[in-house]
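Reader: Hi! Could you walk me through this one while I have it open? I'll just fire off questions as they come to me.

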Amino acid sequence: MTLHMAAIPQNEQALHRFISIICSPLSIVQYVLTKRDALTYKPPGEMIPVQDACLHAHVMGKGDHTVILEAGMGGSSLDWSMVQPELSLYAKVVSYDRAGLGWSGSGSQPESATCRKYVRELRELLKAMDCKPPYILVGHSYGGMIVRCFAGEYPDEVEGLLLVDAVHESRYLTDEMSNRRKQQREANRRQYKLGYLLAPAGIPRLLRRPVGGRRLPAAIQKNASSLGYRKSAYRAAYAELLCAEESALQLKSAEPLSSKLPITVLSAGSPDEEWKQGQQRLARLTPNVQHITEEDPRHSIPIHRPETVVKYVTELLNIL
C-alpha cells in the first residue's frame with residue numbers, strides 16, 4: 001500500500017515563498033552568503049546524478065567489504081567525519097548526503113522524504129558508483145530507520161547492520177505515543193517549521209541555528225554549519241520530520257529482517273525511559289541481535305564516541 005500522509009502543506013510552502021519576497025533584502029544576503037560558502041567549502045567527494053537529485057558521496061578506503069554510513073534526521077556526511085577515516089583502514093566506506101542536505105541537491109520532489117524513497121535513491125547512488133552489494137549498513141538515529149528499510153526490502157544486498165542509538169519506529173507512530181512524546185513532537189514540529197519559513201531570509205543564520213550535527217571539531221563544524229544554513233537543508237529536515245510517521249508505517253508493515261543477518265544495536269545510556277524502551281524493541285528485532293549500551297548518555301555517538309562505532313563495525317567485519 002502506498003501512503004501519502006505527510007508533506008510540507010501547500011499553505012506553508014506559499015508562506016515560505018511570501019517571506020522570501022517580502023524580506024528580499026535579507027533573502028539576497030542569504031543567497032550571497034550561501035554562494036560564498038559554496039566556494040569556500042568544497043565537497044570532499046563526488047556529485048553523482050540519480051533519478052531525482054544530484055547526491056554527494058564520499059568514498060574512502062578499499063577492501064572486500066563496503067560499509068555505508070547513514071546520518072540522522074537533518075544530518076550530513078560530515079557527521080561521520082571522525083568515524084569514516086578510521087573505518088577506511090579496514091574496508092571501503094561510503095558516507096553521503098541525502099537530497100537537500102549537506103552538499104546534495106534538492107531533487108524534483110523535495111517535500112517527499114520517506115525512508116522508502118531514500119532507500120531507492122541510495123541504491124541508485126551505489127549502482128552509479130559501481131559499489132556492489134552486499135553492504136554493511138550503519139545508521140545513526142533516524143538513519144537507523146533508513147538502513148532497516150533497506151535491509152528489509154533488499155535482504156540479499158545486506159550482510160550486516162549496526163544501529164547507532166537508532167530510532168524505533170514507535171517513536172513516530174501517533175497511536176503508540178505517550179502524551180509527553182506527543183507534546184515533544186509538536187514542539188519539534190514548530191521549531192522545524194519556523195526554521196523552514198525563516199530560512200530564505202537567513203534568520204536561522206543570524207541566530208546561529210544550523211540544521212545538522214553540532215559539537216563537531218571546530219574546523220569541521222564551520223563546514224557543517226555553512227551547509228546547515230542552506231534553505232534546502234531546512235526544507236529537507238522539515239520534510240523528514242513531517243514524513244516520519246509515514247516512514248514508521250513503512251517499517252511497521254515491512255517483512256521481518258532475516259534471523260541470519262548479524263545485527264548490532266549500540267545504545268547511548270539515555271535516562272529517557274521511552275527511548276530505552278525503543279532500544280529494547282530494537283534488541284528484539286531478531287534472535288541474532290547483539291545489544292550494547294554505552295555509559296555515555298549523549299545521543300550523537302558518531303561525534304562523541306567515534307571509536308565505539310569503529311569498534312563494532314570492525315567486529316561485524318571480523319565475523320563475515
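Reader: How many salt bridges does the count come to?

Author: The count comes to 20 salt bridges, where a salt bridge is a side-chain nitrogen of Lys or Arg within 4 Å of a carboxyl oxygen of Asp or Glu. This is a predicted model, so local features need pLDDT of at least 70 and side-chain atom pairs count only at pLDDT 80 or more, while totals for chains, interfaces and linings use all residues. Residues are numbered from 1 along each chain as its sequence is written, and side-chain values use heavy atoms, with hydrogens and water left out.

Reader: Thanks, good to know. Which residue does Lys193 meet in a salt bridge?

Author: Lys193 meets Glu12, with 3.6 Å from N to O. That pair links distant parts of the chain: Lys193 sits in helix α6 (residues 179-198) and Glu12 in helix α1, 181 residues apart. Helices here are DSSP runs of H or I with at least four residues, strands are runs of E with at least two, and both are numbered from the N terminus.

Reader: And Glu12, buried or exposed?

Author: Glu12 is buried, at 5% relative accessible area. Lys193, on the other side of the pair, is partly exposed at 28%. The cut-offs are under 20% relative accessible area for buried and over 50% for exposed, with partly exposed in between (1.4 Å probe, protein chains only).

Reader: Which residues are linked with Glu12 in a network?

Author: Arg189 and Lys193 are linked with Glu12 in a network of salt bridges.

Reader: What does Glu245 form a salt bridge with?

Author: Its partner is Arg185, and the closest N and O atoms are 3.7 Å apart. Here too the pair links distant parts of the chain, with Glu245 in helix α10 (residues 244-252) and Arg185 in helix α6, 60 residues apart. Arg185 is partly exposed, with a relative accessible area of 26%.

Reader: Where do Arg305 and Glu294 lie?

Author: Those two form a salt bridge with 3.3 Å between the closest N and O atoms. Arg305 lies in the loop between α12 (301-304) and α13 (306-319), and Glu294 in the loop between β8 and α12, so the pair ties together parts that are 11 residues apart in sequence. Arg305 is partly exposed at 26%, whereas Glu294 is buried at 12%.

Reader: Switching to the sheet. What order do the strands have?

Author: The open sheet has eight strands in the order β1-β2-β4-β3-β5-β6-β7-β8, with mixed pairing. β1 (46-49) and β8 (289-293) stand at the edges with a single partner strand each, so one side of each is left without a neighbour in the sheet. From one strand to the next, the twist averages 20°. That angle is taken between axes, which are lines fitted to C-alpha atoms (for helices, over the stretch in contact), and runs from 0 to 180 degrees between N-to-C directions.

Reader: How many bridges join β1 to β2?

Author: Four, and the strands run antiparallel, with β2 covering residues 54-60. Two strands pair if DSSP finds at least two bridges between them. β1 and β2 form a hairpin with four residues between them, and the bridge partner of Glu46 in β2 is Ala57.

Reader: What about β3 and β5, parallel or antiparallel?

Author: Parallel: five bridges join β3 (residues 66-70) to β5 (residues 135-140). Among the partners there, Glu70 has Gly139 in β5.

Reader: Nice. How many disulfides does a search of the whole structure find?

Author: Zero, with a disulfide being a pair of cysteine sulfur atoms within 2.5 Å. For Cys149, the nearest cysteine sulfur is that of Cys115, 5.6 Å away. The sulfur of Cys243 is 9.8 Å from the closest cysteine sulfur, also in Cys115, which is too far for a bond. Cys149 is buried at 5%, and Cys243 is buried at 1%.

Reader: Last one: which residues form the nonpolar patch on the surface?

Author: Leu15, Phe18 and Ile22, with about 300 Å² of accessible area together. Patch residues have over 30% relative accessible area and no salt bridge; like charges are joined within 9 Å, and nonpolar side chains (Val, Leu, Ile, Met, Phe, Trp, Tyr) within 5 Å. The areas come from the Shrake-Rupley method with a 1.4 Å probe, and for residues only the protein chains shown count as cover. Ile22 lies in helix α1 (residues 10-22) and is exposed, at 57% relative accessible area.
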